[in-house]
Amino acid sequence: MKIIIINGPNLNLLGKREPEIYGNATFEEYFKKLQQKYPQVQLQYFQSNIEGEIIDKLHEVGFDFDGIILNAAAYTHTSIGIGDAIKGITTPVVEVHISNVHSREDFRHVSYIAPNAKGVIAGFGLKSYELALQAFLD
Ligand code: DQA
């Protein structure tokens, strides 16, 4: 099974960025643990701060992979382009967020990803990614 985690803007700063919201671990550390825990999954990771690069990656993997775990970060709340890209591909997408976006500012309650996603997982810290992975495995 081929699954990719795609992270959007500022998530390269995990571990340093607002640790009271996003925690102290880097994503690279967490990703290594996930790979070790799920050796049966061909797990890939891509991060970009650039909207168009995220769209290009969705096009690249979106007809071939079995699942996409997408944390589009701030683009979740703004990007019609990423929403349209998800509509245009065949691989199912699970939207994830580290924080509970619904308990935060109003602008974080809007998602251009969710209407086209298989499901949404938010608020469980980095564990949100593992829960999304399990959703594809079950
Ligand atoms: C986030 C929530 C977004 O609102 C925010 O812009 C992020 C991270 C999360 O994982 O909790 O950058 O997607």
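User: Starting with a definition: a polar contact is a pair of N or O atoms within 3.5 Å, where one can donate a hydrogen and the other can accept it. With that in hand, which backbone oxygen does the side chain of T91 reach?

Analyst: That of F65, at 2.8 Å. Keep in mind that this is a predicted model.

User: Noted. Where does T91 sit?

Analyst: In the loop between helix 4 (80-88) and strand 4 (93-97).

User: Buried or exposed?

Analyst: T91 is buried, because its relative accessible area is 5% and the cut-off for buried is under 20%.

User: And what is T91 in contact with, skipping neighbours within four places in sequence?

Analyst: A run of residues from V61 to I68: V61, G62, F63, D64, F65, D66, G67 and I68. F65 also supplies the backbone oxygen for the T91 side chain.

User: What about I89, where is that found?

Analyst: I89 is in the loop between helix 4 and strand 4, and T91 lies in that loop too. I89 is buried at 9% relative accessible area. Beyond four places in sequence, the contacts of I89 are L58, H59, G62, F63 and I68. G62, F63 and I68 turn up in the T91 list as well.

User: How far is I89 from Y30?

Analyst: Their C-alpha atoms are separated by 27 Å, with the two positions 59 residues apart along the chain.

User: Let's zoom out. How many helices and strands are there?

Analyst: There are 5 helices and 5 strands, and along the sequence they run β-α-α-β-α-β-α-β-β-α.

User: What's the radius of gyration, and what would a compact globule have?

Analyst: The protein has 14 Å, which agrees with the value near 14 Å for a compact globule of 138 residues. The C-alpha box along the principal axes is roughly 35 × 35 × 25 Å.

User: What share of residues is buried?

Analyst: 46% of the 138. As for the outside, about 6,900 Å² is exposed, and carbon and sulfur atoms supply 51% of that.

User: What about contacts between residues far apart in sequence?

Analyst: Taking contacts between residues at least 6 apart, 78% join residues at least 24 apart.

User: And how many positive and negative side chains?

Analyst: 12 positive and 16 negative, and the centres of the two sets lie 5 Å apart.

User: Switching to helix 5: which of its residues are buried?

Analyst: In helix 5 (residues 127-137), those are S128, Y129, E130, A132, L133 and F136.

User: That spacing looks helical. Why would residues three or four places apart point the same way?

Analyst: Because an α-helix has 3.6 residues a turn.

User: What covers those buried helix 5 residues?

Analyst: The cover includes helix 2 (27-37) and strand 1 (2-7), strand 2 (42-47), strand 3 (67-71), strand 4 and strand 5 (119-122).

User: Which residues does L11 touch, leaving out those up to four places away?

Analyst: R17, Q47, N71, A73, I98 and Y129. Y129 is one of the buried helix 5 residues. L11 is in the loop between strand 1 and helix 1 (19-22), and is buried at 3% relative accessible area.

User: Which non-glycine residues have positive phi?

Analyst: N10 is among them, with phi near 75°, and A73 is another, at about 50°. N10 is found in the loop between strand 1 and helix 1, while A73 is in the loop between strand 3 and helix 4.

User: Buried or partly exposed, for each?

Analyst: N10 is partly exposed at 36% relative accessibility, whereas A73 is buried at 11%.

Methods
Residues are numbered from 1 along each chain as its sequence is written. This is a predicted model: local features need pLDDT of at least 70, side-chain atom pairs count only at pLDDT 80 or more; totals for chains, interfaces and linings use all residues. Side-chain values use heavy atoms; hydrogens and water are left out. Helices (H or I, at least four residues) and strands (E, at least two) are DSSP runs, numbered from the N terminus. The radius of gyration is taken over C-alpha atoms; the globule rule is 2.2 Å times the number of residues to the power 0.38. Buried means under 20% relative accessible area, exposed over 50%, partly exposed in between (1.4 Å probe, protein chains only). Contact means heavy atoms within 4.5 Å. Accessible areas come from the Shrake-Rupley method with a 1.4 Å probe; for residues, only the protein chains shown count as cover. Lys and Arg count as positive and Asp and Glu as negative; His and the chain ends are not counted. The place of a charge is taken as NZ of Lys, CZ of Arg, CG of Asp or CD of Glu.
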